[in-house]
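Student: I'm new to this structure and would love a close look at one single part of it. Could you pick a helix and walk me through how it sits in the rest of the protein?

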Amino acid sequence: MSVGYNAHAVDGFFGQFGGRYVADVLWDPLQRLEQAFNAHWAASEFQNALHNLQQHFVGRPTPLYEAKNLTRELGGGRIYLKLEGLAHTGAHKINNAIGQALIAKRMGKRRVIAETGAGQHGVATATVCAALQLPCVIYMGAVDMRRQHPNVLRMRLLGAEVRAVESGAATLKDAVNAALRDWAASYEHTHYLIGSALGPHPFPQMVAAFQSVIGQECVVQAAELGFTPHYCLACVGGGSNAIGFFSPWINTSTPILIGVEAGGTGTQTGQHATRVATKTVGIAHGYKSYFIQSEDGQLAKTHSISAGLDYPGIGPQMAALAESGRVRFVSVTDRDALAALQRTARSEGVLAALESSHAIAHAIALAPRCTEEENIIVNVSGSGEKDLFIIAKHTQPAQWKAFLEQEADSIDT
Ligand SMILES: *Cc1c(COP(=O)(O)O)cnc(C)c1O
């Protein structure tokens with residue numbers, strides 16, 4: 001297990017992005033978290049404990065699978081899929097949750113709080129908190145709780161308390177604010193477990209470090225399979241699966257790294273979540289980055305078919321890598337992501353998450369333009385099991401509606 005990952009944050013900044021834009025009261029707990037993370041990350045005792053959980057609880061390493069059928073159908077570059085959906089709880093989010101929970105334990109914290117949008121980060125957090133026996137409170141917008149009810153059920157089954165946030169639009173950004181408010185009053189005994197590579201320093205650096213296991217495994221697995229990567233593709237919400245996957249190569253000139261944002265249904269504000277393409281710099285949730293904003297600088301509405309890609313901001317390191325040109329950015333529409341999901345399911349027997357399907361859709365477009373000697377690795381950040389309700393609504397609406405009605409009728413109330 002290598003501890004060589006260096007995120008290159010200078011005082012928490014990646015170029016002009018990042019920093020620690022928080023109320024005074026949070027400065028001290030962030031400073032203490034930074035010191036604790038740096039000390040533990042460098043210690044072999046911590047690395048051994050983390051590696052042990054990654055192997056025996058999370059189920060790592062996840063496979064790097066050659067998508068031979070897709071490759072044959074498309075003609076051109078060879079496609080490989082890094083199957084993060086096979087990690088426990090069905091996505092990469094647990095890599096970060098388990099690492100931070102372990103830090104919290106080492107810091108003597110007795111309670112964990114987290115924000116969640118669609119509920120995926122909440123489920124990962126509730127899972128690791130159950131495993132490590134840490135009481136946990138998940139803040140979730142009341143609107144999101146109604147939209148993503150199965151995940152609310154999952155979190156409660158895992159023993160977490162889910163708190164409805166009624167303020168503002170009652171969605172993810174309001175849940176972040178509620179969690180920050182809780183933390184300002186509780187940090188002596190509580191750890192705030194942020195779900196992506198964003199927020200005030202040291203969160204972007206710490207989350208990237210915990211996700212770097214994805215890229216490290218790929219380096220080893222590609223060598224075992226006898227190739228060196230030419231293209232690496234990942235979807236970008238907050239940026240955690242992408243930065244973890246890209247981490248071995250951000251300071252080298254190859255492979256070509258491509259981040260895929262949610263193109264949604266159109267190019268007008270409210271129809272997409274293409275923060276990099278929109279290029280408006282702002283400060284929110286404790287850090288400076290590209291945010292989708294209204295004219296007066298408020299966080300604006302976004303849209304994506306995938307709940308994990310519709311956050312209005314992007315992690316500061318990904319913003320810096322976009323600005324420097326090391327990571328190229330493209331966007332993929334809802335429609336193309338859904339088509340890629342269906343195609344990968346049939347051609348490969350891999351049901352990818354809607355988020356990950358954005359990256360697969362770009363690989364499907366890219367492969368025919370490559371030579372047979374070239375290859376493409378797609379980080380399949382999660383499994384599509386969680387998206388069944390959304391997929392069914394789009395692909396077989398009438399049958400799905402009949403099923404739900406029949407289920408509703410079968411409940412005695
Ligand atoms: C949350 C999520 C994402 C987006 O988050 P990142 O921090 O950008 O990785 C992508 N894929 C899946 C499966 C997710 O659950």
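Tutor: Happy to! Let's begin with a term: two residues are in contact when they have heavy atoms within 4.5 Å of each other. With that in hand, here is the setting. This is a predicted model, and in it the protein has 17 helices and 14 strands. Among contacts between residues at least 6 apart in sequence, 72% join residues at least 24 apart. Of the 413 residues, 58% count as buried, that is, they have under 20% relative accessible area. A compact globule with 413 residues would have a radius of gyration near 22 Å, and the 20 Å of this protein agrees with that. Along the principal axes, the C-alpha atoms fill a box of roughly 55 × 55 × 50 Å.

Now for our close look, at helix α7, which covers residues 149-157. Which residues of α7 are buried? They are Asn-151, Val-152 and Met-155. Viewed down the axis of α7, these buried residues fall within an arc of 105 degrees, so they line one face of the helix. A general rule helps here: an α-helix has 3.6 residues a turn, so residues three or four places apart point the same way.

What does the buried side of α7 pack against? Its buried residues pack against two strands that come before it in the numbering, β5 (111-116) and β6 (136-141). They also pack against the helices α5 (120-132) and α6 (142-147), and against the strand β7 (161-165). On the face turned away from this buried side, α7 carries the exposed residues Leu-153 and Leu-157. Exposed here stands for over 50% relative accessible area. Just after the helix, Gly-159 takes a positive phi of about 95 degrees.

For a second view of how parts of the chain meet, turn to Tyr-21, in the loop between β2 (17-18) and α1 (24-41). Tyr-21 is partly exposed, with a relative accessible area of 36%. Its C-alpha atom is separated by 7.8 Å from that of His-285, although the two residues are 264 apart along the chain. Leaving aside neighbours within four places in sequence, Tyr-21 is in contact with Phe-13, Ile-283, Gly-286, Tyr-287 and Lys-288.

To finish, a glance at the outside of the protein. The accessible surface comes to about 17,000 Å², and 52% of it belongs to carbon and sulfur atoms. As for charge, the mean positions of the 33 positive and 35 negative charges are 1 Å apart.

Notes:
Residues numbered from 1 in each chain as written. Predicted model: local features only at pLDDT ≥ 70, side-chain atom pairs only at ≥ 80, totals over all residues. Heavy atoms only, no water. Helix = DSSP H or I, 4+ residues; strand = E, 2+ residues; numbered from the N terminus. Rg over C-alpha atoms; globule rule 2.2 N^0.38 Å. Buried < 20%, exposed > 50% of the residue type's maximum accessible area, 1.4 Å probe, protein only. Areas by Shrake-Rupley, 256 points an atom, 1.4 Å probe, with all protein chains shown as cover. Lys, Arg positive; Asp, Glu negative; His and termini not counted. Charge placed at Lys NZ, Arg CZ, Asp CG, Glu CD. Arc of directions from axis to C-beta.
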